[in-house]
Amino acid sequence: MKIAVILLRWALNFIYFFMKLAPCDNNRVVFLSRQSNTPTDDFLMLKAKLEEIKPDIKIVMFTQRVDGNLKSMLSYGVTTLKSMHHLARARVCVLDAYWPAVSMLKHKDSLAVIQMWHAMGKIKKSGYQSVGKEFGRSSMLAHELRMHRNYDVIIAGGKAFDPFYCASFGVDESVLYNVGLPRMDMLRENTEKCRKQFFEAYPELDGKKLVLYAPTFRKGQRLEPKPLIDAFDFNGRQALIIKRHPNQQLDTDCLGQALTCDKVSTSTVLSVCDCVITDYSAITIEAALLKKPIYFYLFDYEDYISKNGLNVKLFDEFPDSTFTEPEKLMAAISDGRYDHGNYDRFCEKYLPAPGMRATDAICALILDCMKRDKHDAINESIARQNKAGGTMGN
């Protein structure tokens, strides 16, 4: 296996050497994502803003999940070669997850690689933090595939997460740009639009207390929320909406009266719900941006610590809102009990600093990297951000 991976890396670098003989197009930006088969809200918002500022910009997007079957892997192989063609010519690359061709290949010095990680924080361990664990990559693959290498700058959330970004990507804190993600802007600015969209799709839910359950991804597992559903009081005055992670299957046989609201996105439900139930997911940060009460259902806490690991000690941060038993969780939601003091301290500690919109900040960085030396553009942007302040409490 190791020899095959090494040969693959050498073969791709050999092919890429000849691709790089083509001249650089200073007007080209490549977006890469393995999160979904369609562009994410973050990518679409950046694209729209870049085209508004610079109408002649050339934007190329490759978005493709790899599901593990042979057909998917072969298709991704073709996509990888296509992405290499554009990486060899582009001035800027923006990605939101690990993309092998970005990390494995030797690029032109002029290419600026911006890692815009898809989560708004690092509540759970990822990348090099979870290497060797059941939910992480093997040590051999991480090393031979050069996991998370070649990043010039990493778009990060609140500064309290910085040590975890560094450990996850194996980088120094000096490459972190703490401005958050574009969809932060969408969440803050589109609340009324989302409410209208949601209640037009589900008018029967208007006036009810809406409880959103949005757990994190668990590798190799199916989402089976039956204990939570059984504990929920379907009394006609409240509704339970379950939104699965895009990479995880949901056991629909146990749904009963619980809803999935497939006509709208998780972000839309988040904008209208009255409270959020999650676990180790970065949706915690999105909910905190909207000031939604957050409850944690950690039914597999010890198991998850063993298989993946956490950066944030949720029982310490939210002692009165973290549960392992669904009955106690639902009782707390029904009673309306909530520790707003701990909630406010968490927001002050972990949310990005208010100020420039994330979309504007990232677009400005992209355009600056297209015009001049990438190191100067990145260093000056990070210096300005650090001078302005890192988190809500700083």
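These exercises walk through a predicted model, each with a worked solution.

**Exercise 1. The six-stranded sheet**

Find the strand order of the open sheet of six strands, then name its edge strands.

*Solution.*
- Step 1. Read across the sheet: the order is β2-β1-β3-β4-β5-β6, and the pairing is parallel.
- Step 2. Look for strands that pair on one side only. These edge strands are β2 (58-63) and β6.
- Step 3. Take one pair inside the order. Strand β1 (residues 28-33) joins strand β3 (residues 92-95) through four bridges, in the parallel sense.
- Step 4. Go down to residues. F31 has V94 in β3 as its bridge partner.

**Exercise 2. The five-stranded sheet**

Do likewise for the open sheet of five strands, and decide how enclosed strand β7 is.

*Solution.*
- Step 1. The order is β8-β7-β9-β10-β11, again with parallel pairing.
- Step 2. The edges are β8 (238-242) and β11 (322-323), since each pairs on one side only.
- Step 3. Follow β7 to β8. The two run parallel and are joined by five bridges. L210 has A239 of β8 as its bridge partner.
- Step 4. Follow β9 (residues 275-278) to β10 (residues 294-297). Three bridges link them in the parallel sense. Here V276 stands opposite I294.
- Step 5. Check burial in β7 (residues 209-213). Four of its five residues are buried, so the rest of the structure largely encloses this strand.

**Exercise 3. A long-range salt bridge**

Work out which parts of the chain the D360 and K49 pair ties together.

*Solution.*
- Step 1. Confirm the contact. The side chains of D360 and K49 form a salt bridge, 3.7 Å from N to O. The cut-off is 4 Å, so the pair qualifies.
- Step 2. Place both residues. D360 sits in helix α16 (residues 358-371) and K49 in helix α2 (residues 41-53), so the bridge ties together parts 311 residues apart in sequence.
- Step 3. Check exposure. D360 is partly exposed at 23% relative accessibility. K49 is partly exposed at 21%.
- Step 4. Widen the view. K49, E52, E189, R357 and D360 are linked in a network of salt bridges. The whole structure holds 27 salt bridges.

**Exercise 4. Cysteines**

Count the disulfides, then examine C24 and C347.

*Solution.*
- Step 1. Searching the whole structure gives zero disulfides.
- Step 2. Take C24. The nearest cysteine sulfur belongs to C369 and is 12 Å away. A disulfide needs sulfur atoms within 2.5 Å, so this pair does not count.
- Step 3. Take C347. Its nearest cysteine sulfur, that of C273, is 14 Å away.
- Step 4. Compare their settings. C24 is partly exposed, with a relative accessible area of 28%, whereas C347 is buried at 2%.

**Exercise 5. A nonpolar patch**

List the residues of the nonpolar surface patch and find the helix that gives its largest share.

*Solution.*
- Step 1. The patch consists of F14, I15, F17, F18, L21 and L81, and covers about 630 Å².
- Step 2. Helix α1 (residues 2-19) gives the largest share, four residues.
- Step 3. Look at one residue of the patch. F18 lies in helix α1 and is partly exposed at 47% relative accessibility.

**Exercise 6. Around D172**

Locate D172 and find a side-chain contact.

*Solution.*
- Step 1. D172 is in the loop between α6 (162-169) and β6 (176-177).
- Step 2. Its side chain makes a polar contact with the side chain of S174, at 2.8 Å.
- Step 3. Relate D172 to D162. They are 10 residues apart in sequence, and their C-alpha atoms are 9.4 Å apart.

Technical notes
Residues are numbered from 1 along each chain as its sequence is written. This is a predicted model: local features need pLDDT of at least 70, side-chain atom pairs count only at pLDDT 80 or more; totals for chains, interfaces and linings use all residues. Side-chain values use heavy atoms; hydrogens and water are left out. Patches are made of residues with over 30% relative accessible area and no salt bridge: like charges are joined within 9 Å, nonpolar side chains (Val, Leu, Ile, Met, Phe, Trp, Tyr) within 5 Å. Accessible areas come from the Shrake-Rupley method with a 1.4 Å probe; for residues, only the protein chains shown count as cover. Buried means under 20% relative accessible area, exposed over 50%, partly exposed in between (1.4 Å probe, protein chains only). A polar contact is a pair of N or O atoms within 3.5 Å; within protein, one must be able to donate a hydrogen and the other to accept it, and residues adjacent in sequence count only if both atoms are side-chain atoms. Two strands pair if DSSP finds at least two bridges between them.
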